[in-house]
Amino acid sequence: MSGAGKTVCVTGASGYIASWLVKFLLQRGYTVKASVRDPNNPKKRDHLLKLDGAKERLHLFKAELLEDGSFDAAIDGCEGVFHTASPFYHAVTDPQAELIDPAVKGTLNVLGSCAKTSSVKRVVLTSSIAAVAYNGKPRTPEVVVDESWFSDPDFCKEAKMWYVVSKTLAEDAAWKFAKEKGFDMVTINPAMVIGPLLQPVLNTSAEAIANLLKGSQTYANASFGWVNVKDVAYAHIQAFEIPSATGRYCLVERVAHYSQVVEILRKLYPSSQLPDKCADDKPFVPIYQVSKEKAKSLGIDYIPIEQSIQETVESLKEKNFIGATSSNM
């Protein structure tokens with residue numbers, strides 16, 4: 001119960017990573033002030049209110065990323081702030097309004113509230129491998145991406161990778177602000193986050209697995225890093241609690257091409273209808289490596305991708321996002 005007597009804030013608390021973060025913080029004895037966009041919406045709050053310790057130590061606050069000062073009340077009196085709130089989806093018509101402004105202005109809004117609050121000892125920002133690995137440098141099997149890499153927003157804009165642009169600009173703005181104000185910030189940069197869902201709505205990364213099981217004819221010609229949501233939530237807490245934690249932490253258990261993800265699913269669920277061909281005829285996008293050295297210093301012992309995929313599927317079935325699939329396990 002290392003958090004007993006301590007109060008922390010989690011922004012965007014109803015989200016996928018944030019829900020697990022709130023669960024683990026409550027387990028450790030923290031009092032959690034959680035911001036959600038609409039505390040009156042059962043889909044945003046009910047799964048949080050059911051968590052062990054929520055009755056005694058969870059307090060919900062309404063806050064909007066683009067509303068100046070709306071995080072002041074949630075952050076007031078907190079020792080730590082975990083800023084997870086940022087939109088993540090692919091189908092956008094206005095990237096600036098839908099992704100970039102909420103990510104960048106929202107982050108600066110939250111950090112602005114932190115700067116007003118003398119009790120805040122450290123901010124842990126949920127960034128993404130999106131802010132690390134997309135800079136035009138080749139990513140091939142012998143290449144090791146690490147925390148010294150930064151994505152290039154101009155390269156990403158040309159490629160119309162708007163989510164990547166939003167995370168890159170938000171993290172960059174956050175570091176400049178933290179340096180200017182002289183406060184202690186750590187960023188967590190996870191890849192595609194999968195594993196069990198606590199929230200009642202389907203999130204973008206778990207949907208990537210769901211789509212493969214829902215009769216899709218093809219899989220994408222893409223290689224991504226993958227990591228379990230429980231490892232990501234735990235890393236956030238470690239980044240707050242370990243005094244020597246500093247800078248950025250990439251979180252990737254393994255980089256796998258979609259064809260490899262399909263193979264893992266086929267082994268786990270041999271009777272399921274899975275795509276057997278790639279969406280294009282081009283050579284497969286190569287896999288690459290992501291350094292695990294720095295994450296080790298947070299005590300992260302990664303859950304293997306096979307287990308993460310199985311936990312995702314079982315959770316998707318339980319929540320009726322996909323039909324029943326018979327397991328081989």
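This is a short viewer tour of a predicted model, going from its sheet to two helices and then to a cavity.

**Stop 1: the sheet.** Start by selecting the seven strands of the open sheet, which run in the order β3-β2-β1-β4-β5-β7-β11 with parallel pairing. At the edges you'll find β3 (58–62) and β11 (247–251), each pairing on one side only. Look along the sheet for the twist: neighbouring strands are turned by 20° against each other on average, direction ignored.

**Stop 2: one strand pair.** Now pick residues 122–126 and 185–190, which are β5 and β7; they pair in the parallel sense over four bridges. Show V124 and look across to β7, where V186 is its bridge partner.

**Stop 3: two helices.** Add α2 (residues 42–49). This helix lies across β2 (31–36) and β3, and runs at about 165° to β3. Next, bring up α7 (residues 162–181), lying across β5, β7 and β11 at about 165° to β7.

**Stop 4: the cavity.** Keep α7 and β5 on screen and add α5 (95–115): these elements each give two or more residues to the lining of the largest cavity. How many cavities of 30 Å³ or more does the structure hold? Just one, with about 70 Å³ of space in it.

To see the walls, select H83, T84, A85, S86, A103, T107, L125, T126, S127, K167, A170 and E171. Helix α7 supplies the largest share of that lining, three residues. Colour by residue class and you get four nonpolar, six polar and two charged residues around the space.

Conventions
Residues are numbered from 1 along each chain as its sequence is written. This is a predicted model: local features need pLDDT of at least 70, side-chain atom pairs count only at pLDDT 80 or more; totals for chains, interfaces and linings use all residues. Side-chain values use heavy atoms; hydrogens and water are left out. Two strands pair if DSSP finds at least two bridges between them. Axes are lines fitted to C-alpha atoms, for helices over the stretch in contact, and angles run from 0 to 180 degrees between N-to-C directions. Contact means heavy atoms within 4.5 Å. On a 1 Å grid over the protein atoms alone, a cavity is a set of points where a 1.4 Å probe fits but cannot get out, and a pocket is an open set with protein on both sides within 12 Å along at least five of seven lines; lining residues have an atom within 4 Å of a point. Grid points are joined across faces, edges and corners, and a volume is the space filled by probe spheres set on the points. Ala, Val, Leu, Ile, Met, Phe, Trp, Tyr, Cys and Pro count as nonpolar, Asp, Glu, Lys and Arg as charged, and the others, Gly among them, as polar.
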